[in-house]
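Visitor: I'm new here, and I'd like to know how the labels on this picture are earned. Could you walk me through it?

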Amino acid sequence: MVIQIKSLDQLKTMRRAGLVVAQSLELMRDAIAVGVTTNQLDAIAVDHLKKRNAKSNFLGYHGYPKVICASINHEIVHGIPNDRPIADGDIVSIDFGAIVEGWHGDSAFSVGVGTVDPQDQKLMDTCEESMWRGIAAGKNGGHLTDISEAIEKYINSQGKYGILREYGGHGIGTEMHQDPHILNFGKAGFGPELKPGMTLAIEPMITRGTAKTNVLTDEWTVISADKSNGAHFEHSYAICPDGKPFVLTALDGGKERLGALGVEISDLLS
Ligand code: MF3
Ligand code: CO
C-alpha cells in the first residue's frame, strides 16, 4: 500500500477542488425540494463545474453516467440521477466530486425534504456526527483505524444502526480513490501511521436496519437489503504540514464542527 503524500502547494490545489465541491453541494442543497428531480440537481452540478473550469471525477468512472450520485430513502449510495420528482418526507443523499488541475475532491451529504420522520433525522445526524468524530480521531501520528473506531463507537452510542461493511472511505489525491481503504468500524491503533501530507475521504454509510446491501440491476444503486432508510456523509480532509487537519471540502475548513470536538484546524490552507 502506497499512501500519496502531498506538498503544501498540492494541498492548496486540492483545497480549490474541495471548494468547487463544497459550493456545488451548497447549490444542490438549496435546490432540493418536493417536485425537484435528481437530474435537475445533476444539471446544477454540471453547470457549476463548467463555471469553475473543473472536471467531473464521477462521469465515466467505470462507466458511471452522471456527475453526481443521488440516493433516496433505502438507496444508500451510488444512485443514478433520474426524472422522478423528490417527494415529501424523502431523505436524499447527494455525493459529488470534482477535479482541479488534476487534483480531486469528494464529498457527500444527506438531507430530509419537507416533513421528515424524526427517526430519519436522527439517522442523518448520527451519520454526520460520526464523520466529524472520524476526522477528529484521524490525527497526525495516530493510526488509520483510530478513524474507524471513532466512527463505529459514535454510531453505536446513538442506537441500533447498520454500518455498511462493503463500502468505506479512501485516500484521495491525483485519483479519486487511492490507498488506504478506510473501514467505518474496527479497533483503534492499527494500519498505517497518519502523517502530514495525507488526504483522506471519510464517508460513513449507515441504515436504520441491516448493514446488508444489494446492488440494483442498473449495476450502481446500492440499497439496504431490508429496504430500511440510509444516510451518507463524506468529507475529504488533509493532515497539513503543521500536523493539524483541514477539511478540504468544507466551506469553513471544518473549523466549527472540529472545534466543537476540541480539534483546532490548520491555518495553512485558508
Ligand atoms: N464518490 C463516491 C465515493 O465516495 C464514488 C462515486 S462512484 C461514481 O467514493 F461512479 F459515481 F463516481
Ligand atoms: Co468517496
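Guide: Happy to, and keep in mind that this is a predicted model. Let's start with histidine 177: an N or O atom in its side chain is 2.6 Å from an oxygen atom of ligand 1.

Visitor: What makes that pair with histidine 177 a polar contact?

Guide: The cut-off for a pair of N or O atoms is 3.5 Å, and 2.6 Å falls within 3.5 Å, so the pair counts. Glutamate 234 also has a polar side-chain atom 2.9 Å from an oxygen atom of ligand 1, while for aspartate 95 the partner is a nitrogen atom of the ligand, at 3.1 Å.

Visitor: How much of ligand 1 does the protein bury?

Guide: Taken alone, ligand 1 exposes 330 Å², and 97% of that is buried by the protein. The ligand sits in the second largest pocket, and its shell has six nonpolar, three polar and four charged residues.

Visitor: Which residues coordinate the cobalt ion (ligand 2)?

Guide: Asp106, His170, Glu203 and Glu234 do, at 2.0 to 2.3 Å. Those distances lie within the 2.8 Å cut-off for donors, so these atoms qualify. Along the chain, the donors follow the spacing D-x63-H-x32-E-x30-E.

Visitor: Why is the arrangement around the cobalt ion called irregular?

Guide: There are six donor atoms, with angles of 52 to 174°. Octahedral would need angles between 65 and 115 apart from opposite donors; 52° lies outside that range, so the arrangement is irregular.

Conventions. Residues numbered from 1 in each chain as written. Chains lettered and ligands numbered in written order. Predicted model: local features only at pLDDT ≥ 70, side-chain atom pairs only at ≥ 80, totals over all residues. Heavy atoms only, no water. Polar contact = N/O pair within 3.5 Å; in protein donor to acceptor, adjacent residues only side chain to side chain. Areas by Shrake-Rupley, 256 points an atom, 1.4 Å probe, with all protein chains shown as cover. 1 Å grid on protein atoms, 1.4 Å probe; cavity = no way out; pocket = protein on both sides within 12 Å on 5 of 7 lines; lining within 4 Å. Sits in = over half its atoms within 2 Å of the grid points. Nonpolar A, V, L, I, M, F, W, Y, C, P; charged D, E, K, R; others polar. Donors = N, O, S within 2.8 Å, 3.2 Å for Na, K, Ca; no water. Tetrahedral: all angles 85-135°; square planar, octahedral: opposite > 155°, others 65-115°.
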